[in-house]
Amino acid sequence: MIMFSNVDKWYGQYQALTKINAEIHKGEVVVVCGPSGSGKSTLIRTVNRLEAIHEGQILFEGHDIHGTDANLNRLRSRIGFVFQSFNLFPHLSVMDNIILAPTKIRALKGAAARKQAMELLERVGMAHKAGAYPGQLSGGQQQRVAIARALAMEPPVMLFDEPTSALDPEMVGEVLQVMRSLAKDGMTMMCVTHEMNFAREVADTIWFMDAGQILEKAKPDAFFSQPEHPRAQRFISDLRSH
């Protein structure tokens with residue numbers, strides 16, 4: 001569904017991504033991990049063109065995401081994105097946050113949009129907060145609403161950019177549980193996260209990044225027990241020592 005081919009990304013003189021070659025298949029859960037500053041968030045943000053690339057190609061369902069003829073609105077409506085900092089509209093209720101895109105972009109009628117929104121809120125355990133505003137919710141609750149909002153466009157792919165890193169520790173579990181259920185239902189997912197237990201349990205494939213490169217791709221069991229790249233070995237060793 002997603003293919004990276006020789007992708008390079010620069011910020012001035014600094015090369016943030018170097019020769020990225022990788023694929024994500026339908027129904028696959030890929031977890032991108034690595035030290036801070038390794039390029040993980042930059043990489044995931046290139047998939048829906050929140051970040052431009054300078055060389056190479058990224059294909060989504062066979063279409064060149066960064067091509068001059070790419071339909072950006074259609075592309076983004078097909079790729080759900082969950083941000084580190086929730087990014088809910090503070091002046092809209094939970095319900096209105098969720099129905100906004102389906103009614104404006106998918107032309108879903110009000111009653112149908114509200115019915116779908118309630119089903120999604122039930123799925124993430126937030127139906128009782130449909131009338132609340134983001135400022136009245138905990139961080140974990142806001143992030144679960146943000147996931148429901150992304151799902152409202154019925155995207156075939158979901159991207160998660162460190163979805164738990166802004167949360168208090170006791171709220172992390174409730175968000176990861178929603179992500180686990182999505183994975184169990186066969187959603188194609190690309191997740192940047194520091195939650196290694198989640199990666200071990202849920203990922204089909206781990207991509208380990210450092211200095212803007214994917215240094216290792218492996219199944220979770222292999223990655224956590226016998227990583228091959230020396231930098232990945234050091235990363236796992238540091239995790240164990242903590």
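Okay, let's start with two helices: α3 goes past α5 in a right-handed crossing. Before I go on, keep in mind that this is a predicted model. So, α3 covers residues 94-104 and α5 covers residues 139-151. Their axes come within 8 Å and cross at roughly 25°. Angles under 35 degrees count as roughly parallel, and therefore α3 and α5 are roughly parallel to each other.

Who is doing the touching here? On the α3 side you've got V94, N97 and I98, and on the α5 side V145, A148 and R149. Sort the residues of that contact by class and you get four nonpolar, one polar and one charged.

Now stay with α5, since there's another helix to talk about. The axes of α5 and α6 also come within 8 Å, and they cross at roughly 20°. That makes α5 roughly parallel to α6. And the handedness? The crossing of α5 and α6 is right-handed.

The list of residues in this contact goes like this. From α5 we have G139, G140, Q141, Q143, R144, I147 and L151. From α6 we have M171, E174, V175, V178, M179 and L182. By class, the contact of α5 with α6 comes out as seven nonpolar, four polar and two charged residues.

In case you're wondering why I keep quoting angles and distances: two packed helices are described by the angle between their axes and the distance between the axes.

Right, on to the sheets. Which strands does the six-stranded open sheet contain, and in what order? Reading across, the order is β6-β7-β8-β3-β9-β10, and the pairing is mixed. At the edges sit β6, residues 79-82, and β10, residues 213-218, each of which pairs on one side only. From one strand to the next, the twist averages 15°.

Let's zoom in on one pair in there. β7 is residues 157-161, β8 is residues 188-192, and these two pair in the parallel sense over five bridges. If you want a spot to click on, take D161: its bridge partner in β8 is V192.

And here's where our helices come back. α5 lies across β6 and β7, running at about 170° to β6. α6, which is residues 169-184, lies across β3, β7 and β8, and runs at about 145° to β8. So β7 has both of them lying across it.

There's another open sheet to look at, with four strands. The order in this one is β2-β1-β4-β5, and the pairing is antiparallel. Its edge strands are β2, residues 14-24, and β5, residues 63-64, and each pairs on one side only.

Again, let's pick one pair. β1, residues 2-11, and β4, residues 55-60, run antiparallel and are joined by five bridges. Find F4 on your screen, and its bridge partner in β4 is I58.

Okay, let's zoom out. How many helices and strands does the protein chain have? Nine helices and 10 strands. The C-alpha atoms fill a box of roughly 55 × 45 × 30 Å, taken along the principal axes.

Last thing: what radius of gyration would a compact globule with 242 residues have? It would be near 18 Å, and the protein chain has 18 Å, so the two agree.

That's my tour, thanks for listening!

Key: Residues numbered from 1 in each chain as written. Predicted model: local features only at pLDDT ≥ 70, side-chain atom pairs only at ≥ 80, totals over all residues. Heavy atoms only, no water. Axes fitted to C-alpha atoms, helices over the stretch in contact; angles between N-to-C directions. Parallel < 35°, antiparallel > 145°, perpendicular 65-115°, else oblique. Left-handed = near helix turned anticlockwise from the far one by under 90°. Contact = heavy atoms within 4.5 Å. Nonpolar A, V, L, I, M, F, W, Y, C, P; charged D, E, K, R; others polar. Pairing = 2+ DSSP bridges. Rg over C-alpha atoms; globule rule 2.2 N^0.38 Å.
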